[in-house]
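Subject: Structure handover and notes

Hi,

Here is the structure I promised to pass on to you. My notes on what turned up in it follow just below.

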Amino acid sequence: MEKIGEVIHVFRENKGMSQAELSDGILSKAQLSKFERNLTQISADKLLALLERLHVTFAEFGNALAIKENLYEQAILEDITKAIVNNNGGQAALVEDRAEAHFKKHSGKYNRLILIMVKAMIADMNGESLSKADVSFLADYLFNVDGWTRFELLLFGNTLSVMPLVTVNQLARELASQVNEALEIHQNLQLNISLLYNVIILNLTAKDLKTARLFLRVMKNSHIEDNMMAERFLITLAEALCAYCEEPSPENKERVEKIVEIQKTLGSTSFFVAFKRQAEMFINETTT
């Protein structure tokens with residue numbers, strides 16, 4: 001809630017009101033100025049009085065506040081993703097500095113989690129691990145949050161590769177318990193399936209076939225719609241990779257390769273290339 005004052009400032013500017021006009025009889029002009037710059041807080045009664053004078057409903061205000069929060073999250077994620085894809089360590093460091101500065105200015109749990117997510121993505125790029133303090137804070141949040149939303153799914157997805165596998169599996173079990181609850185939110189269900197696939201890959205890489213198959217069953221029992229071809233592809237590929245790990249025969253190898261080839265028909269060359277490389281690396285590691 002660090003940006004409440006900033007949102008009030010935007011509404012005031014859009015309404016063409018001065019600070020003196022908005023604050024008159026509610027609070028001092030100096031106090032409003034500090035509030036708009038997030039240097040101080042005001043009581044709920046005064047906030048409601050400001051909204052009434054601005055002719056803004058509480059629902060409109062809440063929506064504007066959420067949008068402002070999402071804009072920061074979206075910008076940071078877009079910039080760090082671009083840096084990671086281009087393997088640009090310098091650019092990634094600049095994004096981390098920006099997230100660090102934002103957290104120091106607005107030191108809330110939400111902004112710390114975004115900073116941890118940025119650190120995790122950079123650590124993954126550099127083949128490093130996340131600090132114990134960051135893992136502890138992140139896991140504590142994900143275990144205790146009341147219902148995962150898109151934010152928690154993105155948070156887990158962008159950090160699971162640099163967390164201890166035991167923690168990843170514990171969190172994935174929490175995720176699995178919510179898979180079918182995501183049915184009504186199509187994008188969240190897509191994220192769930194993608195995350196479970198990545199958890200399976202981590203367990204297969206660690207040669208823990210039993211745990212990998214546990215999460216494969218969760219994927220297969222999910223209510224995937226007929227038109228969700230990408231998700232069906234991931235489930236089939238995960239199943240084929242499990243079979244190959246159990247028995248690295250030429251037949252199972254061929255099955256993995258054929259399933260990857262199907263990705264060509266799903267309309268995404270980049271996905272095909274990514275899965276092809278992943279499958280080749282997986283088969284080579286298993287063979288050796």
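Let me begin with arginine 12, which is buried at a relative accessible area of 5%; buried here means under 20% relative accessible area, exposed means over 50%, and partly exposed is what falls in between (1.4 Å probe, protein chains only). Before going on, please note that this is a predicted model, in which local features need pLDDT of at least 70 and side-chain atom pairs count only at pLDDT 80 or more, while totals for chains, interfaces and linings use all residues. Residues are numbered from 1 along each chain as its sequence is written, and side-chain values use heavy atoms, with hydrogens and water left out.

Salt bridges

The side chain of arginine 12 meets that of glutamate 13 in a salt bridge, at 3.4 Å from N to O. The term stands for a side-chain nitrogen of Lys or Arg within 4 Å of a carboxyl oxygen of Asp or Glu. In contrast to the buried arginine 12, glutamate 13 is partly exposed, with a relative accessible area of 46%. The pair also belongs to a network of salt bridges that links Arg12, Glu13 and Glu36. Under this rule, the count is eight salt bridges.

Two others join helices. Glutamate 246 pairs with arginine 213, and their closest N and O atoms are 2.8 Å apart. Glutamate 246 sits in helix 13 (residues 229–246) and arginine 213 in helix 12 (residues 209–220), so this salt bridge ties together parts that are 33 residues apart in sequence. Helices are DSSP runs of H or I with at least four residues, numbered from the N terminus. Glutamate 246 is exposed at 51%, whereas arginine 213 is partly exposed at 26%.

Glutamate 239 and arginine 255 form a salt bridge as well, with 4.0 Å from N to O. Here glutamate 239 belongs to helix 13 and arginine 255 to helix 14 (residues 250–262), so the pair connects parts 16 residues apart in sequence. Both partners are partly exposed: glutamate 239 has a relative accessible area of 25%, and arginine 255 has 32%.

Helix 11 and the loop after it

Threonine 205 lies in helix 11 (residues 186–205) and is partly exposed, at 45% relative accessible area. A polar atom of its side chain lies 2.8 Å from the backbone oxygen of isoleucine 201. Leaving aside residues up to four places away in sequence, threonine 205 touches Phe282 and Glu285, where a contact means heavy atoms within 4.5 Å. Threonine 205 is also 9.2 Å from cysteine 245, C-alpha to C-alpha, with their positions 40 residues apart in sequence.

Asparagine 203 is in helix 11 too. Is asparagine 203 buried or exposed? With 0% relative accessibility, asparagine 203 counts as buried. Its contacts, again without residues up to four places away in sequence, are Leu165, Asn169, Asp208, Thr211, Ala212 and Phe215.

In the loop between helix 11 and helix 12 you will find lysine 207. Its phi is near 60°, a positive value in a residue other than glycine, and lysine 207 is exposed at 67% relative accessibility. Asparagine 87 also has a positive phi, near 50°. That residue is in the loop between helix 5 (58–85) and helix 6 (89–105), and asparagine 87 is exposed with a relative accessible area of 57%. For background, most residues other than glycine have a negative phi.

Cysteines

How many disulfides does a search of the whole structure find? The search finds zero, a disulfide being a pair of cysteine sulfur atoms within 2.5 Å. Why is cysteine 242 without a bond to cysteine 245? Because the sulfur of cysteine 245, which is the closest cysteine sulfur to that of cysteine 242, is 6.8 Å away, too far for a bond. Cysteine 245 is likewise in no disulfide, its nearest cysteine sulfur being that of cysteine 242. Cysteine 242 is buried, with a relative accessible area of 0%, while cysteine 245 is partly exposed at 23%.

Happy browsing, and thanks for taking this over!

Best wishes

Methods:
A polar contact is a pair of N or O atoms within 3.5 Å; within protein, one must be able to donate a hydrogen and the other to accept it, and residues adjacent in sequence count only if both atoms are side-chain atoms.
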